[in-house]
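Open the model in your viewer and keep the selection tool at hand. The tour goes from one selection to the next and says what is there.

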Amino acid sequence: MRLTIRTITVGVAQEHPVGGAELREAAGVAHRLGTRFAESGYEVQTVRLATQPVFGQVPDLAPYATRLQRLMDDEGIGHLSLGPAQAARPDFDLNRLAEIAGMLAACEALSCTVQIATSEHGARVAAAMAAARVVGELSAATPKGVGNFRFAVLAEVGPGHPFFPAAYHEGPSTFSLGLQSAGVVAEALRAIPGEPDPAKITERVRGALAEHVLPVVRLAEKLATEVGRPFAGIDLSPAPHGDTSIGRAIEHAIAGPFGAPGTLSTAAAITQALRTVPVSQVGYCGLMLPVMEDTVLARAWESGGIDLHRLLAYSAVCGTGLDTVPLPGDTPVEEVARLLMDVAALAVRLRKPLSARLFPVPGAGPGDRTDFGSPYLVDVRLPG
């Protein structure tokens with residue numbers, strides 16, 4: 001099978017406000033890279049831009065965001081990350097977060113995040129409460145709450161991630177890659193059903209990923225010279241999409257439903273494989289378990305095979321946090337904040353990057369089915 005490139009993410013080095021010429025140049029690089037990968041036989045889903053964190057560099061976000069949206073429309077770029085509000089810092093003014101929901105509701109190409117915990121500052125409870133309010137405001141301000149697809153709450157997440165919405169940039173202009181490689185992992189584990197030995201799972205997945213990834217990296221290094229931007233590395237997190245399922249990969253390995261005994265040890269074994277592939281790595285390089293981006297995970301969520309607590313447990317050994325998790329629309333902001341603090345506590349304790357994308361579904365309660373109508377999200381029934 002041929003790998004799908006989920007994202008080519010070009011980092012923009014300039015401080016905000018970024019000029020139109022700089023953004024057009026970065027967009028041109030992104031399009032050129034996308035074309036060259038496609039010419040080499042790879043499907044490229046998206047090209048994206050990531051900037052330095054905008055918060056603290058621009059005093060009034062709304063008009064600036066509108067200008068950026070127009071530029072992205074003109075350049076044919078549908079994804080621009082403005083980076084995190086570094087709200088874990090005790091001197092960060094949390095009132096700035098009130099601008100986020102309106103900005104993202106009005107500007108569909110833009111993404112941003114809020115960082116509530118770092119190893120330097122620990123987890124900031126007030127930041128978790130403020131970020132939880134943003135989640136609720138986005139749920140109310142965008143159709144069916146879908147604006148939360150472009151917003152995440154971060155803990156211990158540094159620059160250089162290619163995957164959105166966590167992506168942001170520091171340092172010189174570079175580009176990085178994120179792959180849709182869940183199918184490669186599934187194909188590798190289909191051949192060893194019910195394998196109880198994590199070391200054999202790691203060996204099998206590492207070999208399969210290396211076979212597919214090394215040619216991608218060699219091409220990226222070649223194109224770096226061509227476009228005049230260094231290649232920063234690749235995030236080997238095996239991103240799923242619909243039936244291209246990381247959940248199915250784990251089901252092959254444990255010969256049972258996702259969430260059954262063996263799920264956690266298999267997840268840890270896959271992550272060990274990712275982190276030992278001999279390429280330049282950036283980002284999470286962990287197991288992505290986005291509930292509403294993966295048909296098998298969506299089914300497990302509906303049946304109760306997984307829940308928030310199990311997802312957090314998997315995050316402790318391998319995962320990237322709580323991703324595209326649906327919640328009842330009337331979930332209290334205090335409960336959302338406590339979830340965010342659980343994610344932050346794990347991230348700080350383990351010194352690993354974790355994030356949360358939570359989707360309170362307006363008007364939906366236990367037993368109701370989501371109806372996002374999105375090509376990126378699998379609709380699910382909220383557990384009763």
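Select strand 2, residues 43-50. In this predicted model, strand 2 gives three residues to the lining of the largest pocket, the largest share of that lining. Now add helix 3 (100-106) and strand 10 to the selection; each of them, like strand 2, supplies at least two lining residues. Strand 10 covers residues 354-361.

To find the middle of the largest pocket, select His79, Phe149, Arg150, Arg357 and Tyr376, which lie nearest its centre among the 35 lining residues. The space here comes to about 750 Å³. Colour the lining by class and you should find 17 nonpolar, eleven polar and seven charged residues.

Keep Arg357 selected and add Arg6, Glu293 and Asp323. These four residues are linked in a network of salt bridges. Arg357 therefore appears twice on this tour, because a salt bridge is a matter of a side-chain nitrogen of Lys or Arg within 4 Å of a carboxyl oxygen of Asp or Glu, while its place in the pocket is a matter of lining.

Next, the second largest pocket. Select Pro53, Phe55, Gly56, Gln57, Pro84, Ala85, Gln86, Arg89, Asp91, Phe92 and Arg96, which line it. Its volume is about 200 Å³. By class, the lining has five nonpolar, three polar and three charged residues.

Now look for a closed space. Rolling a probe the size of a water molecule over the atoms shows where empty space is left. How many cavities of 30 Å³ or more does the structure hold? There is one, and its volume is about 30 Å³. Select its lining: Ile116, Val153, Leu154, Ala155, Leu340, Val343, Ala344 and Ala356. Strand 6 (151-155) and helix 11 (333-350) are the elements that give two or more residues to this lining. The eight lining residues are nonpolar, with no polar and no charged residues beside them.

The last stops are salt bridges, of which the model has 13. Three of them follow.

Select Glu75 and Arg24. They form a salt bridge, with the closest N and O atoms 3.7 Å apart. Glu75 is in helix 2 (residues 61-75) and Arg24 in helix 1 (residues 20-39), so the bridge ties together parts that are 51 residues apart in sequence. Glu75 is partly exposed at 22% relative accessibility, and Arg24 is also partly exposed, at 42%.

Stay on helix 1 and select Glu25, then Arg229. The closest N and O atoms of this salt bridge are 2.4 Å apart. Arg229 sits in the loop between helix 6 (198-227) and strand 8 (231-235), and Glu25 in helix 1, so far along the chain that 204 residues separate them. Is Arg229 buried or exposed? Arg229 has a relative accessible area of 7%, and because buried means under 20%, Arg229 counts as buried. Glu25, at 42%, is partly exposed.

Finally, select Arg369 and Glu302, a salt bridge whose closest N and O atoms are 2.6 Å apart. Arg369 lies in the segment after strand 10 and Glu302 in helix 9 (residues 295-303), 67 residues apart. Both ends are partly exposed: Arg369 has a relative accessible area of 42%, and Glu302 has 32%.

Methods:
Residues numbered from 1 in each chain as written. Predicted model: local features only at pLDDT ≥ 70, side-chain atom pairs only at ≥ 80, totals over all residues. Heavy atoms only, no water. Helix = DSSP H or I, 4+ residues; strand = E, 2+ residues; numbered from the N terminus. Buried < 20%, exposed > 50% of the residue type's maximum accessible area, 1.4 Å probe, protein only. 1 Å grid on protein atoms, 1.4 Å probe; cavity = no way out; pocket = protein on both sides within 12 Å on 5 of 7 lines; lining within 4 Å. Points joined across faces, edges and corners; volume = space filled by probe spheres on them. Nonpolar A, V, L, I, M, F, W, Y, C, P; charged D, E, K, R; others polar.
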